[in-house]
Amino acid sequence: MALPLPPGLTPSEVGFLCEMEHVTVIPRQTLDGLELLGGPTGALKPPFPTPLPLWLALLLKKQRRANITPPPWLSVDALTQILDFETDERTAELFSPSPNLPPATTTAPLEGDPYLAHDSLELSAPFLKDAATARAQADALPYHWLEIGHLLITHAPDDFEDLDAVRKLLRDLREVRMSKLRKGFEVLDAGGGVKMNGVGGMEIAEVRGFVGGVVDGLRKLNRSREESRKERETEERENGFGSSSYRDDEDEDML
Amino acid sequence: MAVRLRGRPAHAPGPTYLSYTPNGKKLVTVGVNGALRVFQHGSDNEPAIIDVLTDGHTAVASTNDFIVVGAEDGSVTKYSLLTNSMEEILVRCSLPVRDVSLSKDGEWVAVASDELEVKVVNTRDMTRILHLRDQSRPVKNVSFDVSGSTLAVSCTDGIVYMYSLSSEQPTLIKRVDGLIKTLETDVEVSAKVAWHPDGRAFAAPTATRARSDWQRHKAFSGGHRADISAAAWSPNGALLATAGVDKSLCIWETRSQRLLKSYDDVQNAILAIDWHPTDNVCSYTNNNGELFIREDFVPGEHAKHLRIALQPAPLNNDPLSEISGNARKQLSNGDKPNGARRSAEDQYLDDLLGPDAMSDDEMDFIEDDDGAGYAEETNDVGKRSAVANGGRPAKRHAPFAAWKPQVHEAFQPGSTPWRGDRRYLCLNMTGFVWTVNQDTHHTVTVEFHDRQEHRDFHFTDPYKYDKGSLNEKGTLFSCRPSTQTQQRAVLYYRPHETWTTRTDWRTQLPVGEEVTSMSLSESCIVATTSKGYVRIYSLFGLPLKVYRQKSMPAVTCASWRDYVMTVGNGLVGGDGTTRMLYTIDNVRRDELCQSEDVVALREGTELRNIFFSDKGDPCIYDTEGVLLILLHWRTPGQAKWVPLLDTKTMDRLASGRKDETYWPVAVANNKFHCIILKGGDVYPHFPRPLLVDFDFKIPVSSFPAGAADDEDKDAAQQKNLEEQYVRASLQHSLASDLVDNTNATSAQKTEVPVMEREVDKALLQLLAAECREGEERGMKALEIAALMRDRTGKMLEAAGKIAARFQRDILGEKITQLAERRLVGLVDEEDM
């Protein structure tokens with residue numbers, strides 16, 4: 001029996017997945033490398049910064065064994081810059097772009113983008129490395145920006161230089177981007193589409209329920225119309241006459 | 001910075017003025033209340049107070065021994081700085097005094113009051129008074145030029161009167177009209193003329209003017225939105241500080257009239273500015289009775305302007321302009337002032353003074369009636385420099401500072417100066433030591449990065465330790481000798497852990513000796529002292545060695561295990577500063593690895609930090625932001641400094657938006673660890689900033705990182721590979737040096753072949769790039785193949801395969817030949 005869960009990932013599941021992202025940690029005590037399922041971690045030797053999975057970093061942080069360095073995009077300067085981009089009139093339609101993809105490691109068989117070729121394996125978000133470590137790109141929000149930002153602010157508040165400003169900026173960003181997404185709902189229709197380049201995982205999870213519901217509902221409504229039309233057409237073919245009044249009724253039903 | 005800056009309430013709220021004594025030791029302020037305050041430079045103590053009968057002081061001027069103060073009741077009084085008491089009233093005017101100015105020798109004081117005439121009074125004999133009566137309205141400001149022969153009188157009618165005082169009878173030589181504004185005598189706006197220290201130009205609160213032709217030459221414009229209330233040239237004339245009634249404060253560069261910095265944290269209008277004669281300190285007083293002593297006044301990147309020798313004034317058609325751009329030529333001219341420069345100066349003065357002053361003998365040009373007064377200051381050995389004895393009138397040399405070699409100051413690696421009441425004594429990869437000044441004592445805190453291994457500790461420090469050094473084994477402190485308590489300099493070592501009871505120890509240095517720098521390693525303690533000794537102790541306080549350092553005075557020292565590196569001031573180089581020399585000594589084996597070798601610093605740069613890397617190679621970081629490592633230093637005479645990273649060329653600065661510098665901490669794990677300093681800071685401050693690490697990047701070529709099109713990308717990739725090759729070869733030679741010269745661990749031994757492979761890998765990639773380029777690049781490709789270090793032939797085999805893949809058959813053949821020759825032992829290096 002299947003679980004009675006909506007399709008797709010729920011926000012809590014997305015939050016759980018983001019804990020696999022690596023963050024940079026400044027250890028406060030030594031620890032040998034661990035062999036984890038997700039891959040081995042580096043040995044911790046204070047004060048050398050080391051990348052660790054977020055869940056482990058949070059665990060060490062709670063035990064006061066490490067400090068977490070917030071990724072560069074979680075600084076006041078970077079967030080302000082991204083927020084400016086989001087609120088600028090000229091780019092009002094767009095979401096701020098996601099981080100640059102790393103240079104392709106494999107070569108495309110033909111001239112072309114290896115990211116688009118079928119037989120090459122190139123990682124893209126959310127599988128990019130260093131999305132939230134100290135080496136992350138400063139001027140772009142990675143896929144898990146909202147979750148990581150939230151987790152770091154709640155669990156490692158003392159590692160931020162200006163916590164309140166960061167919190168405020170994150171909130172602003174979230175609201176700006178959500179309103180953009182909501183604007184996209186207006187055009188939701190059977191054939192409508194919203195360009196969602198640069199939208200983060202949590203944002204997708206948040207709107208998935210609504211958008212999925214709307215699109216699904218529309219499809220259901222359309223299906224009944226489609227089916228009835230098909231029935232009618234077969235009837236017409238069989239009977240050889242049509243009824244305009246019947247069609248009008250159906251249109252009223254649709255409204 | 002704004003947080004740190006707090007005014008010192010010097011006087012009751014109201015107009016306040018100040019003056020530095022020419023030797024820079026004291027700072028005198030006067031205000032509306034009946035007391036004068038004498039601050040000691042560089043001390044935070046309460047100033048000495050001279051209680052006086054007058055109040056409402058309006059002007060002050062000082063020499064090393066006495067000050068002259070003008071007050072609103074019309075009196076000009078002389079006070080002794082030696083006894084801090086009143087000496088005599090020099091002159092009494094019927095109306096308030098507005099300004100006083102002392103000639104450089106302190107012989108004459110010019111007094112501007114609301115009376116029409118300006119009085120010039122002899123400070124020793126108050127009966128000798130000159131009266132200057134040419135102006136038609138009261139005078140606002142007076143100002144002696146550097147030679148003391150010309151007095152600029154700024155009158156409220158908007159005219160600057162220039163008087164020559166070189167003869168007994170003062171003569172008006174020029175009225176400069178339209179330069180200053182017409183002002184009332186009691187407004188805050190100043191009309192004071194500020195003479196450039198080279199005596200050829202002056203700045204008035206609208207423009208700069210040369211004195212040869214009294215023409216307006218250069219304007220410093222764009223910094224103030226309101227009238228200027230004060231202006232002062234830096235002691236060498238390279239910078240000009242101005243303040244406006246709009247509460248602004250600006251620093252200008254003289255040569256280009258460029259605004260260097262504008263301070264916006266001024267709360268009240270500044271009435272008087274004065275530069276400290278030698279340090280990067282500028283003080284100002286405002287109309288609210290407050291004194292501000294601004295340390296590090298000139299931002300770090302411009303501070304070099306203060307250290308250069310006397311700068312020429314920025315004149316149009318300056319015959320010296322072609323050399324003024326080059327500080328070194330400038331200096332050598334100052335060195336022998338009888339050269340070309342002198343004649344140019346004479347020309348100016350002769351033009352100015354006309355036939356009357358052009359007597360046959362230049363000696364009589366100015367009556368040097370006091371004999372010694374006009375001569376320049378004696379240097380620190382108590383003699384006048386040779387220049388003054390050159391048979392020319394000493395007075396003429398006064399504008400030119402006596403040349404002295406510049407000695408590098410001693411510093412303790414990893415420490416910062418006081419800021420507020422705290423400073424770091426040591427900041428490294430083990431932890432950090434800081435001290436807080438509590439006036440009667442200090443409190444020292446030691447914190448570790450690794451909290452599990454060591455416990456942080458904290459203690460009250462009655463000795464006031466001023467140097468600290470920290471490593472995994474213990475902490476070392478030292479304090480200065482104190483004359484008051486007869487306390488001698490002390491070294492204090494506190495081990496972190498022991499298996500007996502705590503074994504911390506103190507040792508006293510001989511009387512009069514002071515620790516200039518010290519260093520703690522895993523096996524010994526090194527201290528360089530003010531007497532030129534290097535003292536080496538064991539970790540338990542046993543003195544192991546004492547020897548005199550060859551290059552003195554000592555600058556700093558560093559140590560790693562048994563290797564001790566001491567840096568001292570050596571011979572004077574071409575730029576007038578001493579060359580820093582270092583010596584590396586293995587104290588256990590008593591071997592000199594390097595003796596008196598040069599610390600390769602570019603002209604004008606300073607050593608910022610010196611440390612050993614985690615692998616034990618000496619590294620230096622200079623003020624230009626270049627990290628250098630010493631290669632082959634274990635073999636005498638073979639050492640060379642190799643740049644590892646030029647922080648100015650890092651990609652993160654490429655956008656040009658970031659204004660940051662780096663404070664070096666360590667080289668470890670093949671990375672450069674530092675602290676990012678923003679906003680012109682020179683040292684890290686509290687709260688403790690995070691350590692940041694950067695990869696090495698040898699400055700092989702500068703190529704923009706964000707290259708747009710593919711061709712650029714390829715070229716950038718190529719440069720990247722080249723850099724990788726150079727870096728890998730450097731690391732390989734560092735590693736093989738280590739293995740060849742020490743009892744290396746097996747891990748270190750395995751590292752050498754790994755590094756060798758890295759070098760060959762970089763070469764293979766370069767080879768592939770060359771092959772891709774085309775057949776015609778075959779020669780270069782072969783050269784690259786010949787550079788391969790691998791002796792097993794595998795790498796050359798791989799190189800042959802690459803050539804085959806790109807179908808470069810001739811190249812492939814040649815590589816095979818090369819491989820065969822190597823295999824049979826024909827040494828190809830000899831052939832080349």
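Trainee: Which residues in helix 9 of chain B meet which residues in helix 10 of chain B?

Mentor: Keep in mind that this is a predicted model. On the helix 9 side of chain B you have Leu796(B), Ala799(B), Gly800(B) and Ala803(B), and they meet Leu811(B), Gly812(B), Ile815(B), Leu818(B), Ala819(B) and Arg822(B) in helix 10 of chain B. By character, the residues of that contact split into seven nonpolar, two polar and one charged.

Trainee: And how do I describe the way two helices pack?

Mentor: Two numbers do it: for a packed pair you quote the angle between the axes and the distance between the axes. Here, helix 9 (residues 794-805) and helix 10 (residues 809-823) of chain B pack at about 170°, and their axes are 8 Å apart. Since angles over 145 degrees count as roughly antiparallel, helix 9 of chain B is roughly antiparallel to helix 10 of chain B.

Trainee: Let's zoom out. What does the secondary structure of each chain come to?

Mentor: Chain B has 11 helices and 51 strands. Chain A has seven helices and five strands, and its elements run α-β-β-β-β-α-β-α-α-α-α-α from the N terminus on.

Trainee: How many residues are in each chain, and what share of them is buried?

Mentor: Chain B has 832 residues, with 54% of them buried. For chain A, 36% of its 255 residues count as buried.

Trainee: What about contacts between residues far apart in sequence?

Mentor: Take the contacts with a separation of 6 or more and ask what share joins residues 24 or more positions apart. In chain A that share is 65%; in chain B it is 47%.

Trainee: Next, the interface. How is its size reported?

Mentor: People often give the accessible area lost when the parts come together. Chain A and chain B bury about 1200 Å² between them, and 47% of that is on carbon and sulfur atoms. On chain A's side, Arg28(A), Pro47(A) and Phe48(A) supply 47% of the area buried against chain B, more than any other three residues. The contact takes 14 residues from chain A and 15 residues from chain B.

Trainee: Pro47(A) caught my eye. Where is it, and what is the peptide bond to Pro46(A) like: cis or trans?

Mentor: As a general point, most peptide bonds are trans. The bond joining Pro46(A) and Pro47(A) is cis, with omega about -5°. Pro47(A) itself lies in the loop between strand 3 (39-40) and strand 4 (50-53) of chain A. Chain B offers another case: the bond from Met552(B) to Pro553(B) is cis, with omega near -10°. You'll find Pro553(B) in the loop between strand 40 (543-548) and strand 41 (554-560) of chain B.

Trainee: And phi? Which sign should I expect?

Mentor: Most residues other than glycine have a negative phi. Arg64(A) has a positive phi, near 55°. Arg64(A) lies in the loop between helix 2 (54-62) and strand 5 (66-69) of chain A, and its relative accessible area of 61% makes it exposed. His632(B) also has a positive phi, near 55°, and its place is in the loop between strand 47 (626-631) and strand 48 (640-646) of chain B. His632(B) has a relative accessibility of 22%, so it counts as partly exposed.

Trainee: Now strand 49 of chain B. Is Glu660(B) there buried or exposed?

Mentor: The cut-off for buried is under 20% relative accessible area. Glu660(B), in strand 49 (residues 660-668) of chain B, comes in at 8%, so it counts as buried. Its side chain makes a polar contact with the side chain of Tyr662(B), at 2.7 Å. Leaving aside neighbours within four places in sequence, Glu660(B) is in contact with Arg652(B), Leu653(B), Ile676(B), Leu677(B) and Lys678(B).

Trainee: And what does Trp663(B) touch?

Mentor: Trp663(B) lies in strand 49 of chain B as well, and with 3% relative accessibility it counts as buried. Not counting residues up to four places away in sequence, its partners include Gly414(B), Leu427(B), Arg608(B), Cys674(B), Leu677(B) and Pro684(B). For a sense of sequence versus space, Trp663(B) and Asp681(B) are 18 residues apart in sequence and 9.6 Å apart from C-alpha to C-alpha.

Key:
Residues numbered from 1 in each chain as written. Chains lettered and ligands numbered in written order. Predicted model: local features only at pLDDT ≥ 70, side-chain atom pairs only at ≥ 80, totals over all residues. Heavy atoms only, no water. Axes fitted to C-alpha atoms, helices over the stretch in contact; angles between N-to-C directions. Helix = DSSP H or I, 4+ residues; strand = E, 2+ residues; numbered from the N terminus. Parallel < 35°, antiparallel > 145°, perpendicular 65-115°, else oblique. Contact = heavy atoms within 4.5 Å. Nonpolar A, V, L, I, M, F, W, Y, C, P; charged D, E, K, R; others polar. Buried < 20%, exposed > 50% of the residue type's maximum accessible area, 1.4 Å probe, protein only. Polar contact = N/O pair within 3.5 Å; in protein donor to acceptor, adjacent residues only side chain to side chain. Buried area = accessible area lost by both parts, 1.4 Å probe.
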